[in-house]
Amino acid sequence: MDKSGILNTTIMKLNSATDFSFRFLIYASVHGNRLVTVAEVAEAYGLSHHHLSKICKTLIKEGILEAKRGRDGGVKLAMAPEEIGLSRIIQIMEPDPALVNCTGGIGGQCKILPACKLKGVLAEARRAFFEVLDKYTLADLVAEPAIAKKLVALLGED
């Protein structure tokens, strides 16, 4: 436990597509209006090119990234970092953000569902999670010049 009495354990975990989406968007953001390639981002982070390609296609489809095809092609942010909410990225990349599956999964529908309050409590926690994320945008992660400079240096650039 930490000083506040909170148990130090992972309770909620985002899938790797969401994690990699944030990494891709941070990379694109710190590189400004320059087109970046999936290969470049994959190399910078040491991630799967194939996995990042799928993520990139989703972000393009959702209007977060825009693409330019061809020899000098690549992708860049389709809007200002201030317009890209963190909660929106999670909602795009997480197919089922429910914390528990009371109506299916292993064993089918839970027998205590009609009397159980757990689903409501977890739904409230999920709402609180998104309320916090709704306060932040991609710009909040990279806007400070010192942070942007450090991110570029850590990614092996310039």
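# E94, its neighbours and the salt bridges

Q: Where in the chain is E94 found?
A: This is a predicted model, so pLDDT limits apply to the local details below. Helix α4 covers 86-93 and helix α5 covers 118-133. E94 is found between those two helices, in the loop.

Q: Which side chain of opposite charge is nearest to E94, and how far away is it?
A: E94 is buried, yet it has no salt bridge. A salt bridge needs a side-chain nitrogen of Lys or Arg within 4 Å of a carboxyl oxygen. For E94, the nearest candidate of opposite charge is R126, at 9.0 Å.

Q: Which residue has a side chain joined to that of E94 by a polar contact?
A: There's no salt bridge for E94, but its side chain does have a polar partner. The two side chains come to 2.6 Å, within the 3.5 Å used for a polar contact. That partner is T18.

Q: Which residue has its backbone nitrogen 2.8 Å from a polar atom of the E94 side chain?
A: Leaving aside neighbours within four places in sequence, E94 is in contact with L14, N15 and T18. In one of these, the backbone nitrogen lies 2.8 Å from a polar atom of the E94 side chain. That residue is N15.

Q: Is T18 buried or exposed, and at what relative accessible area?
A: T18 lies in helix α1, and its side chain has a 2.6 Å polar contact with E94. Buried means under 20% relative accessible area. T18 counts as buried because its relative accessible area is 0%.

Q: Which residues are in contact with T18, leaving aside its neighbours within four places in sequence?
A: Contact here means heavy atoms within 4.5 Å. One partner of T18 is already familiar from the polar contact, E94. The full set is I90, M93 and E94.

Q: Which residues is H51 in contact with, leaving aside its neighbours within four places in sequence?
A: H51 is found in helix α3, residues 49-61, and counts as partly exposed because its relative accessibility is 22%. H51 and A17 are 34 residues apart in sequence but 7.8 Å apart in space, C-alpha to C-alpha. With neighbours within four places left out, the contacts of H51 are S16, A17 and F20.

Q: How many salt bridges does a search of the whole structure find?
A: R23 pairs with D19, and E40 pairs with R34. E66 also has a partner, K76. Over the whole structure, the number of salt bridges found is three.

Q: How far apart are the closest N and O atoms of R23 and D19?
A: Both residues lie in helix α1 (residues 16-30), four residues apart, or about one turn of the helix. R23 is partly exposed at 27%, and D19 is also partly exposed, at 32%. Their salt bridge has its closest N and O atoms at 3.0 Å.

Q: What is the N to O distance in the salt bridge of E40 and R34?
A: R34 is partly exposed, with 37% relative accessibility. Its side chain meets that of E40 in a salt bridge. From N to O, the distance is 2.5 Å.

Q: Which strands does the salt bridge between E66 and K76 tie together?
A: The closest N and O atoms of E66 and K76 are 3.7 Å apart, which fits the 4 Å limit for a salt bridge. E66 is partly exposed at 35%, whereas K76 counts as buried at 19%. The pair ties together parts 10 residues apart in sequence, because E66 and K76 lie in strands β1 and β2.

Q: Which residues make the nonpolar surface patch of about 220 Å²?
A: One member, L118, is in helix α5 and counts as partly exposed, at 45% relative accessibility. Patch residues need over 30% relative accessible area, and L118 clears that with its 45%. The patch is made by L99, V100 and L118.

Q: In what order do the elements of the protein chain run from the N terminus on?
A: The chain has seven helices and two strands. The two strands are β1 (residues 65-68) and β2 (residues 74-77). From the N terminus on, the order is α-α-α-β-β-α-α-α-α.

Q: What share of the exposed area of the protein chain do carbon and sulfur atoms supply?
A: Of the chain's 158 residues, 33% count as buried. The chain exposes about 10,400 Å². Carbon and sulfur atoms supply 56%.

Terms used
Residues are numbered from 1 along each chain as its sequence is written. This is a predicted model: local features need pLDDT of at least 70, side-chain atom pairs count only at pLDDT 80 or more; totals for chains, interfaces and linings use all residues. Side-chain values use heavy atoms; hydrogens and water are left out. Buried means under 20% relative accessible area, exposed over 50%, partly exposed in between (1.4 Å probe, protein chains only). Lys and Arg count as positive and Asp and Glu as negative; His and the chain ends are not counted. A polar contact is a pair of N or O atoms within 3.5 Å; within protein, one must be able to donate a hydrogen and the other to accept it, and residues adjacent in sequence count only if both atoms are side-chain atoms. Patches are made of residues with over 30% relative accessible area and no salt bridge: like charges are joined within 9 Å, nonpolar side chains (Val, Leu, Ile, Met, Phe, Trp, Tyr) within 5 Å. Accessible areas come from the Shrake-Rupley method with a 1.4 Å probe; for residues, only the protein chains shown count as cover.
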